[in-house]
Amino acid sequence: MRHLLSLLAAAAIGSGYMTAQTIKPMEASVEDYLPLLESAGYMTFPFDLSALSDKRYTITVNIREYENGEIKSANALPWEPTYSNMQLISDFDKEQQALIAREVMADPDRGIYSLAEKINIGFHPIADSLQTVFLDIQNMGSMSYKLKLKAVRNPSNDTEQYLYGYRPFRMPDTITAGEFIPLVLAGSFWFDKDFNVIRFCGENTIEPDLSSNIVSSIPHYYVVGIKITPADSDNKQI
């Protein structure tokens with residue numbers, strides 16, 4: 001019997017049957033969902049704001065629209081969403097201040113109740129010709145807006161598609177108060193007649209002055225950005 005079992009085991013190994021290896025199910029993590037979300041058109045771009053934690057600033061959101069290389073709208077939003085990067089304990093009345101424990105404050109020694117150290121810019125589809133841009137300033141507030149998209153036509157088969165790609169901008173070394181800081185570009189694919197395909201390819205990071213080669217090929221795009229000014233209006237330095 002022992003000899004028979006040995007022969008069976010040897011035969012199993014020789015046939016490629018793996019007795020020790022196995023595949024086990026796992027709990028899905030947040031990272032596991034990212035490829036699925038991106039394939040469905042959900043994109044997010046985080047930016048570090050911790051360098052602004054020295055004092056209070058006003059952050060104004062601005063979205064610029066371009067078509068065929070020309071600016072179509074200096075602000076595609078019907079309003080100017082404005083946020084602060086921090087909330088001070090002194091912003092509350094004295095009764096409320098007495099109820100706030102130090103351990104729930106972002107920086108009790110400096111009297112900071114909440115602080116924005118990150119900004120997230122996200123996009124998700126609504127319909128073929130619409131998508132939502134979502135902007136969240138950590139701990140301070142968020143906004144969303146519907147962006148109208150432009151179709152790209154494929155002359156080889158006379159069809160139109162709504163296809164958009166995304167690129168972050170290279171961040172400037174210094175910031176000037178009130179100057180527009182581009183963060184993310186959302187742009188239409190284009191038809192490449194040389195290769196007879198619709199595509200969106202080029203630099204992975206866009207130059208702030210829009211001089212990157214890829215930009216010249218994009219027929220329609222939005223630039224999502226912010227303006228930063230010190231809360232003290234007399235201070236023009238960041």
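What is the volume of the largest pocket? In this structure, which is a predicted model, the largest pocket has a volume of about 240 Å³. Of the 14 residues that line this pocket, the closest to its centre are G41, P125, Q131, Y164 and Y166. Three strands, β7 (118-127), β8 (130-137) and β12 (164-168), each supply at least two residues of the lining. By character, the lining of the largest pocket divides into 10 nonpolar, 2 polar and 2 charged residues.

I turn next to helix α2. G41, which I have just named among the residues closest to the pocket centre, follows α2 and has a positive phi, near 95°. The helix itself is hardly covered: among its 10 residues, the count of buried residues is 0. L34 has its place in this helix, which spans residues 30-39. L34 counts as partly exposed because its relative accessibility is 39%, and the partly exposed class lies between 20% and 50%. L34 also belongs to a nonpolar patch on the surface, together with Y33, L36, L37 and Y42. The accessible area of these residues together is about 480 Å². On helices in general, an α-helix has 3.6 residues a turn, so residues three or four places apart point the same way.

Let me now address the backbone. Most residues other than glycine have a negative phi. Which residues other than glycine have a positive phi near 70° and near 55°? N139 has a phi near 70°, and D158 has a phi near 55°. N139 lies in the loop between β8 and β9 (141-148), while D158 is placed in the loop between β10 (152-154) and β11 (159-161). N139 is exposed, because its relative accessible area is 55%. D158 is likewise exposed, with a relative accessible area of 55%.

The final topic is charge pairing. Side chains of opposite charge can pair when their charged atoms come close. How many salt bridges does the structure hold? The structure holds 8, and I shall discuss some of these.

I begin with R56 and D91, which form a salt bridge with their closest N and O atoms 3.0 Å apart. This pair links distant parts of the chain, 35 residues apart. R56 sits in the loop between β1 (43-48) and β2 (57-67), and D91 in the loop between β5 (86-88) and α3 (94-99). Both partners count as partly exposed: R56 has a relative accessibility of 26%, and D91 has one of 39%.

R170 and E207 form another salt bridge, where the closest N and O atoms are 2.9 Å apart. R170 lies in the loop between β12 and β13 (180-188), and E207 in the loop between β15 (197-199) and α4 (213-217), so this pair ties together parts that are 37 residues apart in sequence. R170 counts as partly exposed at 37% relative accessibility, and E207 does so at 28%.

A further salt bridge joins R110 to D107, with the closest N and O atoms 3.6 Å apart. R110 is partly exposed, with a relative accessible area of 41%, and D107 counts as partly exposed at 21%.

Lastly, which residues are linked in a network of salt bridges? They are E65, E67 and K72.

Technical notes
Residues numbered from 1 in each chain as written. Predicted model: local features only at pLDDT ≥ 70, side-chain atom pairs only at ≥ 80, totals over all residues. Heavy atoms only, no water. Patch = residues over 30% accessible without salt bridge, like charges linked within 9 Å, V, L, I, M, F, W, Y side chains within 5 Å. Areas by Shrake-Rupley, 256 points an atom, 1.4 Å probe, with all protein chains shown as cover. Salt bridge = Lys/Arg side-chain N within 4 Å of Asp/Glu carboxyl O. Helix = DSSP H or I, 4+ residues; strand = E, 2+ residues; numbered from the N terminus. Buried < 20%, exposed > 50% of the residue type's maximum accessible area, 1.4 Å probe, protein only. 1 Å grid on protein atoms, 1.4 Å probe; cavity = no way out; pocket = protein on both sides within 12 Å on 5 of 7 lines; lining within 4 Å. Points joined across faces, edges and corners; volume = space filled by probe spheres on them. Nonpolar A, V, L, I, M, F, W, Y, C, P; charged D, E, K, R; others polar.
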